[in-house]
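Work through the exercises below with the model open. Try each task before reading its solution.

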Amino acid sequence: MSPQHVAALIDQAEQRGWVLREGDRTRGQRAPLSVTDTARNLLTDVWPLAQQIASPRSLGFSAAEFDHFIGLLQRALVPGVIDPHDVVVLLDADHHPCGTAPRADVHTADTPLHAAFSTYLFDEDDNLLMTRRALSKAAWPGVWTNSACGHLLPQETPFMAARRRVPYEIGAPPLALRMTLPEFRYQARDASGIVENEVCPVMVGTVDRDQINPNPTEVAEHTWIRWSTLTSMVDTAPALISPWCVLQVNQLRKLQEWKNRP
């Protein structure tokens, strides 16, 4: 959590009479805080409830869903505060990080270049997990795509981002990830005019088929297919598949290890 985020939360607590700042508040200096009797009484009342819901699963949430819920709650309580887990990393022309932007605002008709990743996950029988994007998605809704995609957060590697994001989307962690297309870069425009503009390294791995439990806000449905079926779809019906997946498949199939994949 950033210092600005903490300061905003403290401001809200002070407005509600939960804390008091002692002394003058000077920019760049710490102001001692004290908890008020109002806050202590409130904690006494809510602590038993807090103990009951300490586990996300007691609320029916997965861990990822609970984190997302807390982020939404924080933004509702503190208007204008950007969830530090809801930004994208902007890239310069040399693909170096040059800032961040709120994910909800960055995808427009003039989307800046930013960091992302794609994964292709297979089960133990070498079937590929394909997902269909939720109909609520702003761009390419209802389109079939690879197993899972996402954006990098500041200081993340593609592997770190995949291990964080993939369970949120499909309910299961990616296993045995390896980098396959480290320099993949693409730009595409949706029918609505929204542009994707990403440096999007591609990783291949495995996943436990029995753990798959897609997040409905991300995935409308999923299926398992052979690699050869996907390449046939790319050749005959590319409009049914996300543009990044089409481009990635065409690059992957050129690699020696993929030429004879069933």
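Buried means under 20% relative accessible area, exposed over 50%, and partly exposed in between (1.4 Å probe, protein chains only). This is a predicted model: local features need pLDDT of at least 70, side-chain atom pairs count only at pLDDT 80 or more, and totals for chains, interfaces and linings use all residues. Residues are numbered from 1 along each chain as its sequence is written, and side-chain values use heavy atoms, with hydrogens and water left out.

**Exercise 1. Classify Arg209 and its salt-bridge partner Asp123 by accessibility, then place the pair in the chain.**

Step 1. Take Arg209. Its relative accessible area is 40%, so Arg209 is partly exposed.

Step 2. Take Asp123. Its relative accessibility is 7%, so Asp123 counts as buried.

Step 3. Check the bridge. A salt bridge is a side-chain nitrogen of Lys or Arg within 4 Å of a carboxyl oxygen of Asp or Glu. In the Asp123–Arg209 pair, the closest N and O atoms are 2.7 Å apart.

Step 4. Locate both ends. Helices (H or I, at least four residues) and strands (E, at least two) are DSSP runs, numbered from the N terminus. Asp123 lies in the loop between strand 5 (114-122) and strand 6 (128-133), and Arg209 in the loop between strand 12 (202-206) and strand 13 (219-225), so the pair ties together parts 86 residues apart in sequence.

**Exercise 2. Find which residues are linked with Arg165 in a network of salt bridges.**

Step 1. Start with Glu169. Its side chain meets that of Arg165 in a salt bridge at 3.2 Å, N to O. The two are 4 residues apart in helix 5, so about one helical turn separates them. Both Arg165 and Glu169 are buried.

Step 2. Go on to Glu218. Arg165 and Glu218 form a salt bridge at 3.0 Å, N to O. Arg165 lies in helix 5 and Glu218 in the loop between strand 12 and strand 13, so this pair ties together parts 53 residues apart in sequence. Both of these residues are buried as well.

Step 3. Assemble the network. It links Lys137, Arg165, Glu169 and Glu218.

Step 4. Set the scale. The whole structure holds 8 salt bridges.

**Exercise 3. Describe the surroundings of Ala161.**

Step 1. Place the residue. Ala161 sits in helix 5 (residues 158-170).

Step 2. Check accessibility. The relative accessible area is 0%, so Ala161 is buried.

Step 3. List contacts (heavy atoms within 4.5 Å). Leaving out residues up to four places away in sequence, Ala161 touches Phe117, His151, Leu152, Glu156 and Val166.

Step 4. Add a distance. The C-alpha atoms of Ala161 and Ser118 are 10.0 Å apart, with their positions 43 residues apart along the chain.
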